[in-house]
Amino acid sequence: MKESIREKARLKLTNYLEGSDHRKTPERFAILDAIYSLPKHFTLEELSEDLVKKHFPVSRATLYSSIRMFLELRLVVRHNFLTGTKYEACLQNEEHCHQICTVCSKVTELQLPEVVDAVNQAHYHRFKKDGFSLYIYGICSSCQAKITKRKRKEEREKNKKT
């Protein structure tokens, strides 16, 4: 399935490049292929490192201009998480939700069909929606457990002193 999504992304890029008289460079397709082979969220540095590992390094300028183009084409989406800017392949994944821990900054994708349905059924005023991302901030169970453990320890130490 992931391969067919990558092929659809390549086709969308090809159609755009041919229709707008842009050059179909191997760098653009290598970057796109790398994006669609990376697991979920990535930084531009991680993308660059992945291209180097695949023996296809590209200049920073090429990387940035390609990402800008992919954002416009909705092949990639940009997220501003607590840890910084991350990107994600978004073809056929335009509507999803993230839960973000405000303590450890862990990001987890959620499936919330009720939210997706509500957004899709909403009536927009002079606006055509082409996707959305929802960010829910809170504290993950791991961090909650650490906080609880620390509070209990502090409470025990306080009780020992009295």
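This is a short group-meeting talk on a few charged, buried and loop residues in one predicted model.

Okay, hi everyone. Keep in mind as we go that we're looking at a predicted model. I'll start with salt bridges, then go to the charged surface, then the buried spots, and finish with two odd loop residues.

So, how many salt bridges does a search of the whole structure find? Four. I'll walk you through some of them.

Take Asp33 and Arg10. These two make a salt bridge, and their closest N and O atoms sit 2.6 Å apart. Where are they in the chain? Asp33 belongs to helix H2, which runs over residues 26–37, while Arg10 belongs to helix H1, residues 2–19. They're 23 residues apart, so to speak, a link between distant parts of the chain. Now, buried or exposed? For Asp33 it's in between: the relative accessible area is 21%, and that makes it partly exposed. Arg10 is partly exposed too, at 24%.

Next up, Lys54 and Asp50. Here the salt bridge has its closest N and O atoms 3.0 Å apart. Look at the accessibility of each partner. Lys54 has a relative accessible area of 42%, which puts it in the partly exposed class. Asp50, though, comes out at 15% and counts as buried. If you're wondering why 15% gets that label, it's because buried means under 20% relative accessible area.

Another pair is Arg150 with Glu154. Their side chains meet in a salt bridge at 3.7 Å, N to O. Both residues lie in helix H6, residues 141–161, and they are four residues apart, about one turn of the helix. Arg150 is partly exposed at 48%, and Glu154 is partly exposed at 45%.

While we're on charges, turn the model and find the surface patch. Which residues gather there in a patch of positive charge? You want Lys149, Arg152, Lys153, Arg156 and Lys160. Helix H6 holds Arg156, and Lys149 is in helix H6 as well. Lys149 is exposed, with 64% relative accessible area. To get a feel for the distances here, pick Lys149 and Val76: they're 73 residues apart along the chain, and their C-alpha atoms are separated by 40 Å.

Right, on to the buried spots. Let's go to Ser66, which you'll find in helix H4, residues 60–72. Its relative accessible area is 1%, so we call it buried. What is Ser66 in contact with, once we leave aside neighbours within four places in sequence? Arg28 and Ile31.

Then there's Phe81, in strand S1, which covers residues 76–81. Phe81 is also buried, with a relative accessible area of 7%. Skip its neighbours within four places in sequence, and Phe81 is in contact with His41, Lys86, His98, Ile100, Val107 and Tyr135. Pause on Val107 for a second. Phe81 and Val107 are 26 residues apart along the chain, and their C-alpha atoms are separated by 8.2 Å.

Thr43 is a nice one to look at too, since this time we're in a loop: it lies between H2 and helix H3, which is 44–53. Buried or exposed? At 16% relative accessibility, Thr43 counts as buried. Its contacts, again leaving out neighbours within four places in sequence, are Thr85 and Lys86. You've met Lys86 already, in the contact list of Phe81.

Last stop: two residues with a positive phi. Which residue in the loop between H1 and H2 am I thinking of? Asp21. Its phi is positive, about 60 degrees, although Asp21 isn't a glycine. And Asp21 is exposed, with a relative accessible area of 75%.

The other one is His55, in the loop between H3 and H4. Phi of His55 is near 60 degrees, again positive, again in a residue other than glycine. His55 is exposed, at 70% relative accessible area.

Okay, quick recap before you go and click around. The search found four salt bridges, and one of them links Asp33 in H2 with Arg10 in H1. There's a positive patch on the surface that includes Lys149 and Arg156. Ser66 is buried at 1%, and Phe81 is buried at 7%. And for loops, remember Asp21, between H1 and H2, and His55, between H3 and H4. That's me done, thanks!

Technical notes: Residues numbered from 1 in each chain as written. Predicted model: local features only at pLDDT ≥ 70, side-chain atom pairs only at ≥ 80, totals over all residues. Heavy atoms only, no water. Buried < 20%, exposed > 50% of the residue type's maximum accessible area, 1.4 Å probe, protein only. Contact = heavy atoms within 4.5 Å. Patch = residues over 30% accessible without salt bridge, like charges linked within 9 Å, V, L, I, M, F, W, Y side chains within 5 Å. Areas by Shrake-Rupley, 256 points an atom, 1.4 Å probe, with all protein chains shown as cover. Lys, Arg positive; Asp, Glu negative; His and termini not counted. Charge placed at Lys NZ, Arg CZ, Asp CG, Glu CD.
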